[in-house]
Amino acid sequence: MIPGAFAYHRPKSVKEAVAMLADLGEDARPLAGGHSLIPMMKLRLAAPAHLIDLGGISDLRGIRAEGADIVIGAMTTQHELIGDATLAAKLPILRETALLIADPQVRYVGTLGGNVANGDPGNDMPAVMLCLGATYHVAGKGGERKIAARDFYEGAYMTALEPGEVVTAIRIPVPPAGHGSAYEKLKRKVGDYATAAAAVILTMNGGRIATCSIGLTNVAETPLWAEEAAKGVAGSALDAAAIKKAATAAEAIAAPASDNRGPALYRKKMAGVMVARALARAKSRAA
Ligand SMILES: Cc1cc2nc3c(=O)[nH]c(=O)nc-3n(C[C@H](O)[C@H](O)[C@H](O)COP(=O)(O)OP(=O)(O)OC[C@H]3O[C@@H](n4cnc5c(N)ncnc54)[C@H](O)[C@@H]3O)c2cc1C
């Protein structure tokens, strides 16, 4: 339970952090809230020789509206997402999801950037970002670039980040006013990672689904954007047949492992159940 020795660095700017990561190479890792990385270090599953703490970089904090988007600094904590009035009004799914992550102690320090950059399929925010069509702003030695969340996740703990790059912000297009959203998460107990979870954003027109997007958490090596499942309900009044079609399509792409949350077949079925519940709840919230 004691991590290996490491040197601690606290840069004051993104430029300084990126330069440190470039100089120190593969032995260095960014540190955000530390609530995924430090446990991994204590278990000796990670042993970085240098931790570059992003906590002293004020540019990485804050939530702001920019045109039709909301831009959230990577070091914004999950607790700050819960308390933000702009998000509550325009992107309530972020508050709902953040409240289902861990417990208040974790959420006080765990960050949005750490949650999306970690690459753990059990993290809740990545599927929400796929569902919303978010973009990650990234800075590295070579400059800045943007990566669509839907192109970011490559495998368990493998992402499109190049060595030495940091996520600086998350840009989210605000869904239309009157949209309905829901994040449904099945977990064994409060504070647990998902057995399976689903994020839904939809809009209604004349009692029928006009647009729909669905993301899945912890039912594959990466979060999943369930495009076929969403197509299955488009144009429908979200009757039982349409919900079943979407749930079946979600189950078809789910490829969970058997683990202490249940056998693979059960977790696959639960992906469908979470989609069905999230669709119904999102519809009930749509104008
Ligand atoms: C008891 C417990 C229960 C938990 N339950 C849940 C849960 O139900 N759902 C859930 O989603 N999470 C859960 N977590 C994880 C928690 O949300 C973490 O805070 C989160 O996964 C990582 O955020 P962090 O800021 O702590 O990142 P850190 O732990 O500091 O970093 C995680 C990884 O991301 C990298 N990283 C961090 N920030 C950046 C950045 N800006 N750019 C590039 N790389 C970066 C780090 O190098 C590291 O590899 C739980 C944690 C604990 C301890």
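Which residue's side chain meets that of Arg281 in a salt bridge? Work through the exercises below to find out. The model is predicted.

**Exercise 1. Find the partner of Arg281 and place both residues in the fold.**

Solution.
- Step 1. Name the partner. The side chain of Arg281 meets that of Glu184 in a salt bridge, at 2.7 Å from N to O.
- Step 2. Check the cut-off. A salt bridge needs a side-chain nitrogen of Lys or Arg within 4 Å of a carboxyl oxygen of Asp or Glu. The 2.7 Å from N to O fits.
- Step 3. Place the residues. Arg281 sits in helix α11 (residues 264-285), and Glu184 sits in strand β11 (residues 180-186). The pair therefore ties together parts that are 97 residues apart in sequence.
- Step 4. Judge the cover. Arg281 is partly exposed, at 24% relative accessibility. Glu184 is buried, at 15%.

**Exercise 2. Describe the salt bridge between Arg10 and Asp53.**

Solution.
- Step 1. Recall the principle. Side chains of opposite charge can pair when their charged atoms come close.
- Step 2. Read the distance. The closest N and O atoms of Arg10 and Asp53 are 2.8 Å apart.
- Step 3. Locate the ends. Arg10 is in the loop between β1 (7-9) and α1 (14-24), while Asp53 is in strand β3. They are 43 residues apart, so the pair links distant parts of the chain.- Step 4. Judge the cover. Arg10 counts as partly exposed, with 44% relative accessibility. Asp53 counts as buried, with 7%.

**Exercise 3. Decide whether Arg267 and Asp259 are buried or partly exposed.**

Solution.
- Step 1. Note the contact. The side chains of Arg267 and Asp259 meet in a salt bridge, at 3.1 Å from N to O.
- Step 2. Apply the cut-off. Buried means under 20% relative accessible area.
- Step 3. Decide. Arg267 is buried, at 2% relative accessibility. Asp259 is partly exposed, at 32%.
- Step 4. Look at a network. Salt bridges that share partners join Arg64, Glu66, Asp69 and Arg171. The structure holds 15 salt bridges.

**Exercise 4. Count the disulfides and examine Cys131 and Cys212.**

Solution.
- Step 1. Recall the bond. A disulfide is a covalent bond between the sulfur atoms of two cysteines.
- Step 2. Count. The structure holds zero disulfides.
- Step 3. Check Cys131. The nearest cysteine sulfur to Cys131 is that of Cys212, 7.4 Å away. A disulfide needs the sulfur atoms within 2.5 Å.
- Step 4. Judge the cover. Cys131 is buried, at 4% relative accessibility.

**Exercise 5. Say how many residues of helix α8 are buried.**

Solution.
- Step 1. Find the helix. Helix α8 covers residues 125-132.
- Step 2. Count. Eight of its eight residues are buried. Among them are Met125, Val128 and Leu132.
- Step 3. Look past the end. Just after α8, Gly133 has a positive phi of about 70°.

**Exercise 6. Locate Leu45 and its surface patch.**

Solution.
- Step 1. Locate the residue. Leu45 is in the loop between α2 (37-42) and β3 (50-53).
- Step 2. Judge the cover. Leu45 is exposed, at 60% relative accessible area.
- Step 3. Add the patch. Met1, Leu43 and Leu45 make a nonpolar surface patch of about 390 Å².

**Exercise 7. Describe the whole protein.**

Solution.
- Step 1. Count the elements. The protein has eleven helices and 14 strands.
- Step 2. Test the packing. Its radius of gyration is 19 Å, close to the 19 Å that the globule rule gives for 287 residues, so the protein is as compact as a globular protein of that length.
- Step 3. Add the cover. Of the 287 residues, 51% count as buried.

Technical notes: Residues are numbered from 1 along each chain as its sequence is written. This is a predicted model: local features need pLDDT of at least 70, side-chain atom pairs count only at pLDDT 80 or more; totals for chains, interfaces and linings use all residues. Side-chain values use heavy atoms; hydrogens and water are left out. Patches are made of residues with over 30% relative accessible area and no salt bridge: like charges are joined within 9 Å, nonpolar side chains (Val, Leu, Ile, Met, Phe, Trp, Tyr) within 5 Å. Accessible areas come from the Shrake-Rupley method with a 1.4 Å probe; for residues, only the protein chains shown count as cover. Helices (H or I, at least four residues) and strands (E, at least two) are DSSP runs, numbered from the N terminus. Buried means under 20% relative accessible area, exposed over 50%, partly exposed in between (1.4 Å probe, protein chains only). The radius of gyration is taken over C-alpha atoms; the globule rule is 2.2 Å times the number of residues to the power 0.38.
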